[in-house]
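Q: I would like to learn how to read a structure like this one, feature by feature. Where should we start?

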Amino acid sequence: MAMKTIVTLSAHNIFFKFRGNFTNNSFSKTHFPNFHSYSSSSSNDNGHTQSKFQKVANLNDALNLFDQMSQTRPLPSIVKFTQLLQSLTKMKHFSHSIDLFKKMCALGVPVDNYTMNIIIKCCCHLYRTNEAFAALGFCFRRCIVPDVFIYSALLDGLILEDRILEAEIFFKKLIKQKLCEPNVVMYSTMIKGLCKVGNNVIAIQLLSLMDVNGCKPNVVTYSTIIDSLCKDKMIDDAFKLFKEMVFQKGISADVITYNCLIDGLCNLGRWDEAPKMLQEMLDVGISPDVKTFSILVDAFCKEGMIEEAENVIDIMIKKGVVPDIVTYNSLIDGYCLRGEMSKAKTIFDSMVFRGLVPNVVSYSTLLNGYCKSLKIDEAMGLFNEITRKGLKHDVVTYNTMIQGLFQVGRCGDARKLFDEMHGKGQIPDQLTYGIILEGLCNNRQIEEALSLFHLMDEAMGLFNEITRKGLKHDVVTYNTMIQGLFQVGRCGDARKLFDEMHGKGQIPDQLTYGIILEGLCNNRQIEEALSLFHLMGDSKLNMGIVVYNILIDAASKCGKFDIAKGLFRDLTNKGMHPNIRTYNVMISGLCREGLLGDAKRLFLKMEESGFRPDNVTYRVLLQGYLKNNQCDDVEMLLQEMDGRGYSLDATTLSLLLDQIAGGSLNNTLLDLMSKLVPKELMNSPNFSPN
DNA sequence: GTAGGGTTAG
């Protein structure tokens with residue numbers, strides 16, 4: 001029933017064109033005129049075809065070969081044609097593959113299961129799964145009995161289009177009607193689909209069902225679920241399954257399994273365990289690949305631990321694994337995150353010497369770095385370089401550049417780029433609108449922002465009609481707009497929009513709640529924020545550490561440090577754990593109150609609790625000491641910062657210079673300080689230490 | 001001559 005529905009859904013598709021007589025259509029007519037020019041050498045051509053086939057390396061070769069083959073008589077075998085389609089498909093020229101298939105049909109080449117499997121795969125990868133199902137009809141009409149390869153490809157197509165429910169129905173139908181015996185690949189594909197929608201429980205149930213049905217799962221089946229569990233931060237369950245696979249089922253893990261687990265550990269910040277897994281791999285004789293190392297490099301970079309990342313790169317090179325673009329892109333991003341733009345640029349430039357050509361991702365990463373550190377001229381230069389290098393701007397590079405322009409107040413230029421996007425065929429996405437709204441709001445162009453916000457409704461209405469995939473206001477755009485209104489002090493309007501969300505079916509999330517609390521706090525309505533907080537009681541919304549961080553910060557900033565302290569105690573009582581931000585906010589509060597001893601104790605305690613103080617922690621504590629004219633620990637803190645590869649910001653640096661000028665600090669510290677100041681800061685026009 | 005699992009940018 002379900003399959004029938006799917007097949008009949010696709011009334012307009014390529015396969016209906018082939019009903020009836022295949023040789024008597026326009027394709028064959030356009031092809032045969034060339035026939036005579038080749039026919040005299042057809043016996044040579046066969047040999048030539050054979051040898052040339054090995055060398056099909058690009059689209060043109062393949063198309064030329066097809067022309068030759070189709071003009072050879074007798075026609076080469078279906079195997080030769082299918083191999084050609086296969087090589088095109090491997091090069092991801094899916095639509096060309098389909099084109100050639102049509103021509104083959106027109107020529108009367110007797111296609112078989114192998115051919116159909118490839119064509120179905122092509123349709124699916126073009127997100128045209130309905131046409132793939134039409135191809136199934138084509139099989140039936142031509143008496144090609146679909147096999148487990150074909151059915152698996154179709155199942156994969158549905159999953160690729162996120163049509164998981166249909167995939168499940170299709171899968172069950174295949175079994176119930178005994179249309180084919182599912183094998184380990186088909187089960188694994190179905191499991192992948194279930195995992196894709198976060199249905200790990202059912203995926204695991206299907207895994208045990210396989211055994212019952214006499215189909216042994218393999219490393220792919222297990223790794224699919226292990227990866228999904230890792231992505232859902234259920235790493236302990238992932239390890240449980242991993243152990244079941246290795247020790248109970250005797251299935252060896254491979255490099256992909258380990259990569260999934262290492263990635264999972266990194267995403268949970270369990271740094272100490274990730275390298276242990278790397279060691280374990282080596283111990284059991286599995287060679288880590290570029291991806292293994294890239295995962296580690298990326299994870300370290302995201303945490304600002306560049307030294308560790310560089311270390312990993314050294315190790316991988318020693319092991320004979322060559323870092324690729326992905327590896328270096330992560331490293332570039334790492335330096336960008338630390339604001340060390342000259343280092344980021346050096347890495348970017350060095351890629352060429354390593355035989356790697358920066359791709360659009362490399363550019364957008366560096367571009368983002370320049371934008372975030374407000375070096376807009378460098379950013380603009382890089383943005384223009386992208387097209388000069390023959391690369392194409394995508395939504396990401398536009399979004400990044402637009403955001404950068406807004407950040408330095410160049411709203412007109414941002415707007416111009418936004419208009420340019422359309423002309424260049426880059427359709428703005430949800431994020432583009434978010435960036436523009438935020439940009440307008442931050443630049444106090446609130447009327448513009450509001451009118452754009454309402455305009456989006458119309459624009460998106462149209463968009464929806466055309467694509468059915470379109471845009472609509474989601475929690476993100478609401479959140480952005482609410483935040484914007486708060487930023488210009490329009491708390492009432494923010495509130496109104498918040499109420500409107502519910503009516504439009506957009507459920508406020510923890511972020512919305514955080515924005516509202518923060519908005520109220522910033523607008524000196526901390527009492528309101530606290531009463532909203534108390535009103536929520538033990539609601540899930542109050543169970544986020546972010547909420548506490550906002551309130552603690554706000555309370556201490558407006559002199560209600562006792563409330564801040566109370567909240568800090570309260571969160572542990574509720575079974576929540578402070579994060580690094582909580583510690584930073586508390587330390588900052590203690591310093592503000594002049595309680596430097598307590599600040600220092602908390603600073604030491606956080607490290608004991610497993611929280612490595614970050615750049616912010618050091619800067620906050622230093623500022624506390626300096627503002628209170630207590631300089632005893634300053635040198636030690638600076639030494640530690642140096643050891644950890646941290647850097648000073650403009651505010652802290654000028655406080656330090658003030659103390660040196662006033663004689664409270666020795667000017668021998670200048671050496672150490674200069675090591676801690678990013679070059680960018682030294683050259684920055686915004687920084688003028690008086 | 002056919003199919004399945006993992007990494008990267010806003």
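Q: What share of the residues of chain A count as buried?

A: One caution applies throughout: this is a predicted model. Of the 690 residues in chain A, 49% count as buried. The exposed area of chain A is about 34200 Å², and 55% of it is supplied by carbon and sulfur atoms.

Q: How many helices and how many strands does the secondary structure of chain A come to?

A: Chain A has 40 helices and zero strands. Among its contacts with a separation of 6 or more, 61% are between residues 24 or more positions apart.

Q: Which contacts does Leu 626 make, leaving aside its neighbours within four places in sequence?

A: Leu 626 sits in helix 36 (residues 615–627). Beyond those neighbours, Leu 626 touches Cys 631, Val 634, Thr 652, Leu 655, Leu 656, Gln 659 and Leu 665. Take Gln 659: it is 33 residues from Leu 626 along the chain, and their C-alpha atoms are 7.3 Å apart. With 2% relative accessibility, Leu 626 is classed as buried.

Q: How many disulfides does a search of the whole structure find?

A: To read this feature, look at the distance between cysteine sulfurs; a disulfide needs them within 2.5 Å. The search finds zero disulfides in the whole structure.

Q: Why is there no bond between Cys 122 and Cys 123?

A: The closest cysteine sulfur to that of Cys 122 belongs to Cys 123 and is 7.0 Å away, so it is too far for a bond. For Cys 123, the closest cysteine sulfur is in Cys 124, at 6.7 Å, which is also too far for a bond. Cys 122 is buried, at 0% relative accessibility, and Cys 123 is buried with a relative accessible area of 0%.

Q: How many aromatic pairs are there?

A: For each pair, read the distance between ring centres and the angle between planes; an angle over 60 degrees counts as edge-to-face. The count is 14 aromatic pairs. In one of them, Phe 171 and Tyr 187 meet edge-to-face, with 5.7 Å from centre to centre and 75° between the planes. This pair links distant parts of the chain, since Phe 171 is in helix 11 (residues 164–176) and Tyr 187 is in helix 12 (residues 184–196), 16 residues apart. Phe 171 is buried at 5% relative accessibility, and Tyr 187 is buried at 2%.

Q: What are the distance and angle for Phe 533 and Tyr 548?

A: Phe 533 and Tyr 548 are edge-to-face, at 5.5 Å centre to centre with 90° between the planes. Phe 533 belongs to helix 31 (residues 526–536) and Tyr 548 to helix 32 (residues 545–557), so the pair ties together parts 15 residues apart in sequence. Phe 533 and Tyr 548 are both buried. Ring pairs can also join into a cluster, as with Phe 133, Tyr 151 and Phe 170.

Q: Which residues come nearest to DNA strand B?

A: There are 47 residues around DNA strand B, and those that come nearest are Asn 183, Ser 223, Asn 259, Lys 291 and Asn 399. Of the atoms of DNA strand B that come within 4 Å of the protein, sugar and phosphate account for 33%. Helix 14 (residues 219–231) gives the largest share of the surface near the strand, with seven residues.

Q: Which part of DNA strand B lies 3.1 Å from the side chain of Asp 112?

A: For a polar contact, ask which atom sits on each side. An N or O atom in the side chain of Asp 112 is 3.1 Å from a base nitrogen of DNA strand B. Val 396 uses a polar backbone atom, 3.0 Å from a base nitrogen of the strand. Thr 224 has a polar side-chain atom 3.5 Å from a sugar or linking oxygen of DNA strand B.

Q: Which backbone values deserve a second look?

A: Most peptide bonds are trans, and most residues other than glycine have a negative phi. Here the peptide bond from Arg 73 to Pro 74 is cis, with omega near -5°. Pro 74 lies in the loop between helix 5 (59–70) and helix 6 (78–90). Tyr 127, not a glycine, has a positive phi of about 55°. Tyr 127 is in the loop between helix 8 (113–125) and helix 9 (129–141), and is exposed, with a relative accessible area of 52%.

Technical notes
Residues numbered from 1 in each chain as written. Chains lettered and ligands numbered in written order. Predicted model: local features only at pLDDT ≥ 70, side-chain atom pairs only at ≥ 80, totals over all residues. Heavy atoms only, no water. Buried < 20%, exposed > 50% of the residue type's maximum accessible area, 1.4 Å probe, protein only. Helix = DSSP H or I, 4+ residues; strand = E, 2+ residues; numbered from the N terminus. Contact = heavy atoms within 4.5 Å. Areas by Shrake-Rupley, 256 points an atom, 1.4 Å probe, with all protein chains shown as cover. Phe/Tyr/Trp six-rings, centres within 6.5 Å; stacked < 30°, edge-to-face > 60°. Near = heavy atom within 4 Å. Polar contact = N/O pair within 3.5 Å; in protein donor to acceptor, adjacent residues only side chain to side chain.
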